[in-house]
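The following report looks at selected packing features, moving from a core residue to a strand and then to a pair of helices.

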There are 2 protein chains.
Amino acid sequence: MSLIDAKRRTIHDVAKAAGVSISTASNALNGTGRTNPETRDRVRKIAEEIGFRPNALARGLLQKRSHAIGMLTNDTYGRLTLPMAAGVSEVLVDQGVSVFLCATNNDPRLARLHLDALLDRQVDGIIFTATRLDLKPPVELTRLPIPVVYVFAEGPPESVAFIPDDAQGARLAVEQLMRLGRTRILHITGPEDYQAARTRAGAYRKSVGEGAEVLFGNWSEEWGREAVDTVFGREGSKPDAIFCGSDEIARGVIDALRDVNISVPEDVSVVGFDNWEVVSKQTRPPLTTVDMELKELGHQAGLAILSLSKGEVFDPGVRKLPCSLIVRRSCGAEQT
Amino acid sequence: MSLIDAKRRTIHDVAKAAGVSISTASNALNGTGRTNPETRDRVRKIAEEIGFRPNALARGLLQKRSHAIGMLTNDTYGRLTLPMAAGVSEVLVDQGVSVFLCATNNDPRLARLHLDALLDRQVDGIIFTATRLDLKPPVELTRLPIPVVYVFAEGPPESVAFIPDDAQGARLAVEQLMRLGRTRILHITGPEDYQAARTRAGAYRKSVGEGAEVLFGNWSEEWGREAVDTVFGREGSKPDAIFCGSDEIARGVIDALRDVNISVPEDVSVVGFDNWEVVSKQTRPPLTTVDMELKELGHQAGLAILSLSKGEVFDPGVRKLPCSLIVRRSCGAEQT
């Protein structure tokens with residue numbers, strides 16, 4: 001008999017079918033009290049036969065663990081959060097741990113309501129994730145009675161956090177362009193007040209050395225187009241490669257180069273950052289780009305919250321996970 | 001004293017602080033048993049003072065409701081799901097009901113594991129959502145002991161479902177183009193085996209009448225470009241307007257027209273479908289498009305599952321919610 005094709009079976013149904021008292025049935029199922037092994041096995045067998053589903057709420061009360069963790073995000077459109085949440089879920093689902101995903105919209109009131117709901121439900125831990133690394137949670141998370149893990153967010157000192165290694169990702173991009181013989185590599189990126197933009201720009205400057213030029217702007221296609229218009233409209237030598245801080249910027253760059261008949265990758269190689277496939281696969285030509293491995297970030301955060309919720313030791317600190325380079329046609333390399 | 005700045009307080013702490021037995025404290029807090037009103041008020045006051053958080057697990061056991069609902073989605077990147085989940089959450093959070101969002105990746109095994117976890121946790125209901133209307137859930141949902149609501153998915157006969165009114169949305173687009181004096185309106189859309197593509201195409205044909213032409217393909221920019229190349233490369237009269245089945249198709253259409261120096265909207269008006277802003281705001285010119293009001297779909301689904309989980313009557317059937325038209329520059333109208 002399937003476990004889900006009928007109304008909820010209760011411990012009463014089990015006790016009745018087995019001809020034992022409710023407390024005996026409960027002890028047999030929970031392995032508590034003193035039940036003789038034969039009775040215990042018989043009760044468990046009958047429970048399975050009639051489709052009794054042990055009540056997770058009751059189990060949670062006994063074990064002081066609810067086997068659920070809460071994930072708070074400020075990302076409404078899910079581009080960053082859902083791949084990470086899928087990663088968290090993948091490592092927890094086989095452990096019988098569920099993930100409550102709550103969108104706060106970065107609104108302190110909504111965040112507060114969600115957090116209260118999660119605490120009320122006695123979740124075993126909280127994962128906080130943001131759409132930018134340096135965003136503070138919209139609600140205080142430092143003095144909760146349960147562990148908190150930050151992913152794509154740094155959290156306060158001494159917290160457990162997982163972020164992409166932006167510097168290493170930027171190096172991957174620049175080294176690829178250098179390997180292809182490019183010598184005048186420009187960096188067009190987002191706002192300077194974003195930590196990720198500064199980190200990537202810093203690593204780019206260090207790799208490129210003399211001649212490095214960073215144009216900070218915003219994360220849009222429009223900014224990519226505008227920056228190209230400026231750079232290719234001015235006097236002097238022109239870049240033969242552009243490393244972009246996001247795929248959207250890269251798309252704007254490629255479109256603007258196309259508009260003035262500059263070929264990508266023949267005249268100018270272009271590399272993006274994000275591997276957001278709806279953008280990176282649709283540029284003409286398709287975009288070589290840095291992938292932040294969001295799902296792997298989710299895996300690591302999930303494993304960390306699992307350890308912490310079991311009371312295991314887990315060293316605090318910010319862990320930077322490596323990015324990978326996805327090679328498509330825009331950089332001019334053979335595709336891997 | 002804040003409710004969250006210390007370790008979890010238990011009923012034992014409350015009983016001790018109030019100088020009563022645990023059963024008296026429990027009765028006072030839950031309003032069960034016979035407790036004299038003075039004692040009850042005193043216990044409740046003390047519980048609040050010491051920061052006792054009534055255990056939602058225990059409350060769930062008493063009330064036979066867990067105050068959580070599960071949301072199953074097959075959408076990993078969240079473009080459709082997260083706006084709907086935000087809508088569901090918005091109407092439920094003030095009712096103290098949380099939403100478990102579980103990504104199934106459209107994988108039957110993962111869907112099964114998630115569903116079992118949700119049932120184990122005694123959720124009060126399930127919302128199933130898909131990335132296309134005619135997708136079957138990857139796991140059997142018809143014989144659950146709890147209510148199920150479908151959103152952006154039709155579900156089996158006699159289920160409660162909320163979907164966008166695709167026909168009405170298509171009419172909005174075509175009527176806008178007609179109002180602007182366009183007489184040769186072409187429809188470029190996704191695969192014919194998608195119900196949404198057929199419904200939109202049917203409504204388009206009915207509105208346009210003689211001369212209606214539908215090109216089915218896929219949902220990509222590439223298809224939009226290819227279709228434009230075909231239509232504008234062949235003999236005969238050319239369309240003066242193109243209604244696209246998705247924003248991505250519309251983006252391809254606009255890019256391809258630009259490549260052959262046909263002006264949008266002067267020569268050809270373009271309207272999309274989705275109002276997926278990362279696309280619709282970035283086309284040149286910005287895209288007039290049909291918005292499926294995903295958040296409102298989420299609101300309605302949330303209210304429905306709330307009613308059903310309380311045992312209230314809710315008429316089954318598929319409810320079509322109206323789309324709206326977002327007017328930007330690509331259709332040639334003054335922006336509203």
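Leaving aside residues up to four places away in sequence, Val253(A) touches Ile188(A), Gly224(A), Val228(A), Ile242(A), Cys244(A) and Val270(A), where contact requires C-beta atoms, placed from the backbone, within 7 Å. The largest nonpolar core has 170 residues, and Val253(A), Val270(A), Val253(B) and Val270(B) touch the most other members; such a core is a set of buried Ala, Val, Leu, Ile, Met, Phe, Trp, Tyr and Cys residues joined through C-beta atoms within 7 Å.

This is a predicted model, in which local features need pLDDT of at least 70 and side-chain atom pairs count only at pLDDT 80 or more, while totals for chains, interfaces and linings use all residues. Residues are numbered from 1 along each chain as its sequence is written, and chains are lettered from A and ligands numbered from 1 in the order in which they are written.

Strand S1 of chain A, residues 68-73, has six of its six residues buried (20 or more other C-beta atoms within 10 Å of the residue's own). Its pairings, each needing at least two DSSP bridges, are as follows.

| Partner of S1(A) | Bridges and sense | Residue pair |
|---|---|---|
| S2(A), residues 98-103 | six, parallel | Thr73(A) and Ala103(A) |
| S3(A), residues 126-129 | four, parallel | Met71(A) and Ile127(A) |

In chain B, helices H5 (residues 81-93) and H12 (residues 294-309) pack at about 45° with axes 7 Å apart. H5(B) is therefore oblique to H12(B), a class outside the ranges under 35, over 145 and 65 to 115 degrees.

Key. A residue is buried if 20 or more other C-beta atoms lie within 10 Å of its own, exposed if 12 or fewer, and partly exposed in between; C-beta atoms are placed from the backbone. Helices (H or I, at least four residues) and strands (E, at least two) are DSSP runs, numbered from the N terminus. Two residues are in contact if their C-beta atoms, placed from the backbone, lie within 7 Å. Axes are lines fitted to C-alpha atoms, for helices over the stretch in contact, and angles run from 0 to 180 degrees between N-to-C directions.
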